[in-house]
Amino acid sequence: MTATAQSQDPSLPSTIPYMNARIFTSESTYKFSVSSKNRHWIRLHFYPTSYNDFNSSYSYFSVTANGFTLLKKFSASITCQALTQAYIIREFSLTPIHSGSLNLTFTPSIPNSSLAFVNGIEVISMPEIFQSITMVEFSDTSIEVEDSVLQTMFRLNVGGQYIPATNDSGLSRTWYDDSPYLFGAAFGVTSEADKNVTIQYPNNLPKYIAPVDVYSTARTMGPNPKINLDYNLTWVFQVDPNFTYVARLHFCEFELSKINERVFDIFINNQTAQESADVMAWADSKQGVPVYKDFAIYVCDDLNGNGNELWVALHPSVSMKPEFYDAILNGLEIFKVNDTNGNLAGPNPVPSTLQGKAGAEQERRSFGSSLSNKRATVIGGVAGGVAGFGLVAVMIVFIKHKKRKAGESKSTSSSWLPIYGSMWSGTTTSGIFAKGGGG
């Protein structure tokens, strides 16, 4: 059944899709016809509030996609409370579905007493952006990420501002400010490429990997070598233990121009992921050339239950005697990889200082000065962290986003248009909607 929200939180970026929801009283499945050759984003939108006679605080449910468990005993209400947000988006990347039929199933966790709901669903065709990665500290072990289903946990424009999906480089992703995740008081220094520096993607790097706005801003350690040698530039993230994670670090050197001017080591959870990282060497001594590096690490729960953090740290590589004792990072993405049982679901979060800080910072930055009191969507654990409906709460999207001026705020007007060819099997009948704005 469909239901309308009884109140509208001022932080909602738009009424669509958040002011209407589809309520499920029993296991129900959406069926989408999709390309059998491509990966697909699945984005689930949730606004936990009161809908007619339904209180989302009592909603616990699971979501599966063609045998993969995306969410289990999930409470959108608890999650939003823990993240200090009014609404959340969960983003997943599915491997190609050879049958051409995507089955997305919502199942209340407690029959006859719990309900499931969703406000919006996006299914977006995407290219393959993953490959095999060697595990950190295990050079003889690799993970076939291209054969895995992943959940986006964090997507950050390091040293830069919020980038809405409309300004992404073709994959409708949302990029968030990294500052809420910095550890300690050492924030380093942010910088932006000079106007006479052109970001030039090499032939082996498609532009959809990350937008120019990510590669044209950066965070470095600062100009004082003595201070830099005494600390690590560090980001800390809350994650679910007992999963493998992929950390994708984006780099682009637009300040320096020679090899061995800025060389640094990369650490993930106190393990050496990369020694003597030199962005200019990776870019064949060409300034303004983007590169990225993927690292995979398994995060296990320890005996004290403290295995719920993932640390990314940079430190000058002293042994290489670079000209500048410094480090640089332009963008950072963290993905959770499905386990051997095809599961991506973690427990519902509990309130934490780190996540509360992230929510407050995203609220202040995401919608510009005119919307400074609104909170931005956090994908995954943020953001976690990334854009309905008139009468129903599901859509399938195959879109091309129009380029807009960098830093543009999210639109608050509806641009969802009907699309056909998908099926619903469950207790009710629904329309399928798509977001307009492209071919």
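Colleague: Is Thr4 buried, partly exposed or exposed?

Modeller: The model is a predicted one. In it, Thr4 belongs to strand E1. Its relative accessible area is 39%, and the range between 20% and 50% defines the middle class. Thr4 is therefore partly exposed.

Colleague: Which residues does Thr4 touch, leaving out those up to four places away in sequence?

Modeller: One partner, Ser50, lies 46 residues from Thr4 along the chain, with 8.4 Å between the two C-alpha atoms. With residues up to four places away not counted, Thr4 touches Met19, Asn20, Ser50, Tyr51 and Asn52.

Colleague: With which side chain does the side chain of Thr4 make a polar contact?

Modeller: The partner is found in strand E2 and is buried, at a relative accessible area of 12%. The contact spans 3.3 Å and joins two side chains. The residue that meets Thr4 in this way is Asn20.

Colleague: What is the distance of the polar contact between the side chains of Glu91 and Arg43?

Modeller: Glu91 is placed in strand E9. With a relative accessible area of 0%, Glu91 is buried. The side chain of Glu91 also makes a polar contact with that of Thr152, at 2.5 Å. For the side chains of Glu91 and Arg43, the distance is 2.5 Å.

Colleague: Which strand gives the largest share of the largest nonpolar core?

Modeller: The largest nonpolar core has 43 residues, and those with the most contacts inside it are Leu44, Phe46, Leu104 and Phe106. The largest share of this core is 4 residues, and they come from the strand at residues 88-94, namely E9.

Colleague: How many residues does the second, separate core have?

Modeller: This second core is separate from the largest one and includes Leu156, Ala218, Met221 and Phe254. Its number of residues is 42.

Colleague: Which residues are in contact with Leu104, leaving aside neighbours within four places in sequence?

Modeller: Leu104 is among the residues with the most contacts inside the largest nonpolar core. Leaving aside its neighbours within four places in sequence, Leu104 is in contact with Ser28, Thr29, Tyr30, Phe32, Ile42, Leu44, Val63, Thr64, Ala65, Leu70 and Ile121.

Colleague: Are the rings of Tyr18 and Tyr87 stacked, tilted or edge-to-face?

Modeller: The structure holds 23 aromatic pairs. The ring centres of Tyr18 and Tyr87 are 4.7 Å apart and their planes meet at 55°. Since stacked pairs need planes under 30 degrees apart and edge-to-face pairs over 60, the pair Tyr18 and Tyr87 is tilted.

Colleague: How many residues apart in sequence are the parts that the pair of Tyr18 and Tyr87 ties together?

Modeller: Tyr18 is buried at 0% relative accessibility, and Tyr87 is buried with a relative accessible area of 1%. Tyr18 lies in the loop between strand E1 (2-4) and strand E2 (20-24), and Tyr87 lies in the loop between helix H1 (76-83) and E9. The pair therefore ties together parts whose separation in sequence, in residues, is 69.

Colleague: In which strands do Phe46 and Phe61 lie?

Modeller: The rings of Phe46 and Phe61 have centres 5.8 Å apart and planes at 45°, so this pair is tilted. Both Phe46 and Phe61 are buried. The pair ties together parts 15 residues apart in sequence, because Phe46 and Phe61 lie in strands E4 and E7.

Colleague: Which residues do ring pairs link into a cluster that includes Phe46 and Phe61?

Modeller: Phe46 is also one of the residues with the most contacts inside the largest nonpolar core. The cluster linked by ring pairs consists of Phe24, Tyr30, Phe32, Phe46, Tyr51, Phe54, Phe61, Phe74, Phe106 and Phe117.

Colleague: Over the ring of which residue does the charged end of Lys293 sit?

Modeller: Elsewhere, Lys336 lies over the face of Phe243, at 4.6 Å from the ring centre. For Lys293, the distance from the charged end to the ring centre is 4.7 Å, and the ring belongs to Trp282.

Colleague: How many of the 8 residues of H1 are buried?

Modeller: The buried residues of H1 are Ala76, Ser77, Thr79, Cys80, Ala82 and Leu83. Helix H1 is largely enclosed by the rest of the structure, because the number of its 8 residues that are buried is 6.

Colleague: How many disulfides does a search of the whole structure find?

Modeller: Among the cysteines, Cys252 is buried at 0% relative accessibility, whereas Cys300 is partly exposed at 46%. The number of disulfides found in the whole structure is 0.

Terms used: Residues are numbered from 1 along each chain as its sequence is written. This is a predicted model: local features need pLDDT of at least 70, side-chain atom pairs count only at pLDDT 80 or more; totals for chains, interfaces and linings use all residues. Side-chain values use heavy atoms; hydrogens and water are left out. A nonpolar core is a set of buried Ala, Val, Leu, Ile, Met, Phe, Trp, Tyr and Cys residues joined through side-chain atoms within 4.5 Å. Buried means under 20% relative accessible area, exposed over 50%, partly exposed in between (1.4 Å probe, protein chains only). Helices (H or I, at least four residues) and strands (E, at least two) are DSSP runs, numbered from the N terminus. Contact means heavy atoms within 4.5 Å. A disulfide is a pair of cysteine sulfur atoms within 2.5 Å. Rings of Phe, Tyr and Trp (its six-membered ring) pair if their centres lie within 6.5 Å; planes under 30 degrees apart count as stacked, over 60 as edge-to-face and the rest as tilted. A charge sits over a ring if NZ of Lys or CZ of Arg is within 6 Å of the ring centre and within 35 degrees of the ring normal. A polar contact is a pair of N or O atoms within 3.5 Å; within protein, one must be able to donate a hydrogen and the other to accept it, and residues adjacent in sequence count only if both atoms are side-chain atoms.
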